[in-house]
Amino acid sequence: MGQVERVMEWLSARRSFSFDVQSGLVGGVSYEAHGTPLTDETLADAVAADAVLFGAVGGPQWDSVAREARPEMGILRLRKEMDLYANLRPALVFDPLVEASTLKDEVVRGLDLMIVRELTGGIYFGEPRGVETLPDGTRRGFDTEVYSAPEIERVSRVAFELARRRDNRVHSVEKANVMESGKFWRDEVTALHAADYTDVALEHMYADNCAMQLVRRPKQFDVIVTSNLFGDLLSDCAAMLTGSLGMLPSASPRPVRRGRKPQGALRTRARVSARHRRPESGQSVGGASQLHDDAALFVRRGRRRRPHRGGRSGRAGGGLAHRRHHAGRDDGSFDRCHGRCRPRRARRARRLSTPKGVRTMGYRVAVAGATGNVGRQLLAVLAERNFPADEIIPLASRASAGKEVSFGDDITLRCTISPNSTSPASIWACSPPGSAVSKVHAPRAAAQGCVVIDNTSQFRMDEDVPLVVPEVNGETIAGYDARNIIANPNCSTIQMVMALKPLHDHARIKRIVVSTYQSTSGAGKQAMDELFDHTRAIYMNAREEPRAFAKTIAFNVVPQIGAFDTDGSTGEEAKMVRETQRILDPEILVSATCVRVPTFIGHAEAVNVEFHDPIDEEEARELLSAAPGVEVIDRPFDGGYATPVDCVGEDATFVSRIRRDPTVANGLCLWIVSDNLRKGAALNAVQIAEDLIANHLVPA
Ligand SMILES: NC(=O)C1=CN([C@@H]2O[C@H](COP(=O)(O)OP(=O)(O)OC[C@H]3O[C@@H](n4cnc5c(N)ncnc54)[C@H](OP(=O)(O)O)[C@@H]3O)[C@@H](O)[C@H]2O)C=CC1
Ligand SMILES: N[C@@H](CC(=O)OP(=O)(O)O)C(=O)O
């Protein structure tokens, strides 16, 4: 349960779930404490809860206790009393964990099946059962496999409903060839199918054959529905397809009883916040696809991510520090804030510098614009990724001289003024509010031997300045030494080329039409304040004049980012066109409409792409899933896609809603979302710096 608690903590911090958790004893530990594997009190708590998280029961030390007191009886009673008749046991193989299976890669890669096991009937509960002595003195033991029509119908409905949300196929598994109850099961499932589910493909299979097929060709299955006993055996078999029982969680959705009283006042064992509706039995759990994708994301990241310095993130968005900032304020402020606020932590002022006389192998990194949106993220990302810096020098405007900024969780740095402090730096990560400052200071720093990674648009189209997204055109970093300057692209460009590069390599892009939904953080910290102030003003019936935007941003969308050009396009649109062509291919036609929307962090883009060569959505999904820095979250269910709020504090570029564009011969539609302050700016800059030190620079 310790690991489960960690997952719950993560969900609380990053996915806006909140839990009210209470623990109780079941199984062997309950037997030791109370002489029974499940007390009435614990059962009552479980019944009152919205969800019960169950670890494991049993152990050899209880092998000899009476059958009614055995640990397993605790869970059987729990299931029966809570009427948990359908047990959902998915077997999913995440690509990075394919090797965990004992079966061949091609047999299990991409496996995604669901076993629906009947859980409250059959031979585990059937009567008569026992051990008896026959008149001739022979002893015998017996159990009864028994199923009523309603028991079969309700669990089969769960399977059919689930199949409709998946690949629409059900295998019903029994032993109709040798068991009366098996024949009855088959007839009942067939009748239900004919009455209500003819749109779902149904096949019947004998349980012994199913066991064989599970190891022979498991991907033939979508949903398997079967009895308690066969489900027990077959789901353990399926577990080994994924590599281990530990990778095969299961859930038993609670039947919804109309008119059941709200349980808020009762003691609960584990309660999911009321913001999340209770799933109907057999229904796709709200957010389940998201959680699945979160899990996939974690698995992939586990392989890819560098270890972090302290294990805790200093991100400004949805991170734990941020969650802690709102702790104790049960006023929904976390959900409203979306990372807008800046959590303050109690911290020691500590200077990150090298004591005199100590030889170092690190770098001095100046962060210009350190008090701004991008600058703060730069400091956070440098700390998280354990960048080998002997000294970090935060720079800001004169007004911020002496101001404190955080570097990681427990280091505070004081800002100095830009022009005075550039000389000692070997890397200058530059994020002042606009090109004008970079135009003056970046060449100065470069002339003093720094390599400048510039976040503004000042140098992006200069041929002798590489314009770099490391995953896309990292090789161009090598050209940095022409001017000692590297340009970081526009945030909207970065996330779009991240998603389009793998597709372009495969089918050559001919034309892109993109509409953006850009958050206010893209326009700087004052723009975020403007969204907040204008929103509040509307609630207070007051009036605020727009400052950062041409029209009010509260409850509005503004189709203007940057100044208008003579052709009617805006600066942001022109940047997306030019930068995309420079990074991907000058031949690509790009049409962009850039729109500011009332969100705080995270840009979204709806993109239509036309290709020279054929490509379908499945190929696109595969290519994108394999692309570094890209995560596919694409399930055609409610919420099966990424939104800006989901991506706050994340490194990846998320791609969702991948589908064919039927208006052209080879076309796809995509929805691309990313944290504009991280991959759109700070993370991309730090990745460039990492490449520089790995391949080009010599430490000071
Ligand atoms: N936000 C985004 O999504 C992206 C932004 N960029 C670019 O990064 C740059 C910074 O953006 P952002 O952080 O959002 O902007 P902010 O407005 O949030 O921050 C601006 C920073 O620049 C400092 N500054 C202001 N004037 C000067 C000056 N004369 N000399 C030195 N520093 C100065 C500010 O210091 P002080 O606090 O003292 O005023 C502050 O630290 C912009 O050019 C932006 O276009 C690039 C990619 C993405
Ligand atoms: N223009 C982006 C932020 C950015 O990248 O700007 P620039 O291209 O000036 O660096 C936005 O407003 O969302």
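What share of the contacts in the protein chain between residues at least 6 apart in sequence join residues at least 24 apart? The share is 72%, where a contact means heavy atoms within 4.5 Å.

Before we look further, note that this is a predicted model, in which local features need pLDDT of at least 70, side-chain atom pairs count only at pLDDT 80 or more, and totals for chains, interfaces and linings use all residues. Residues are numbered from 1 along each chain as its sequence is written, chains are lettered from A and ligands numbered from 1 in the order in which they are written, and side-chain values use heavy atoms, with hydrogens and water left out.

## The chain as a whole

The protein chain holds 21 helices and 23 strands; these are DSSP runs numbered from the N terminus, with helices (H or I) of at least four residues and strands (E) of at least two. Of its 700 residues, 50% are buried, meaning under 20% relative accessible area with a 1.4 Å probe, protein chains only. The chain's accessible surface is about 32400 Å², and carbon and sulfur atoms account for 52% of that. Such areas come from the Shrake-Rupley method with a 1.4 Å probe; for residues, only the protein chains shown count as cover.

## Nonpolar cores

In soluble globular proteins, nonpolar side chains tend to be buried together. A nonpolar core here is a set of buried Ala, Val, Leu, Ile, Met, Phe, Trp, Tyr and Cys residues joined through side-chain atoms within 4.5 Å. The largest one has 51 residues, and W428, L500, L503 and I512 have the most contacts inside it. Helix α16 (residues 491-507) gives this core its largest share, eight residues. Leaving aside residues up to four places away in sequence, L500 touches I509, I512, L584, V607, V609 and L670. There is also a second, separate core of 47 residues, with V374, I477, I486 and L677 among them.

## Two ligands

Around ligand 1 there are 26 residues, the closest being T371, V374, S397, S400 and K525; a residue counts as near if one of its heavy atoms lies within 4 Å. By class, this shell has nine nonpolar, 16 polar and one charged residues. Ala, Val, Leu, Ile, Met, Phe, Trp, Tyr, Cys and Pro count as nonpolar, Asp, Glu, Lys and Arg as charged, and the others, Gly among them, as polar.

The shell around ligand 2 includes N455, R460, I561 and H603, and it divides into two nonpolar, five polar and four charged residues.

The table lists polar contacts, which are pairs of N or O atoms within 3.5 Å; within protein, one must be able to donate a hydrogen and the other to accept it, and residues adjacent in sequence count only if both atoms are side-chain atoms.

| Ligand oxygen | Protein partner | Distance |
|---|---|---|
| ligand 1 | G369 backbone | 3.1 Å |
| ligand 1 | T371 side chain | 2.4 Å |
| ligand 1 | V374 backbone | 2.8 Å |
| ligand 2 | C491 backbone | 3.2 Å |
| ligand 2 | Q518 side chain | 2.9 Å |
| ligand 2 | K575 side chain | 2.8 Å |

On its own, ligand 2 exposes 340 Å², and the protein buries 81% of that.

## A closer look at N228

N228 sits in helix α9 (residues 228-242). It counts as buried because its relative accessibility is 0%. A polar atom of the N228 side chain lies 3.0 Å from the backbone oxygen of G121. Residues that N228 touches, not counting those up to four places away in sequence, include R117, Y124, F125 and Y147.
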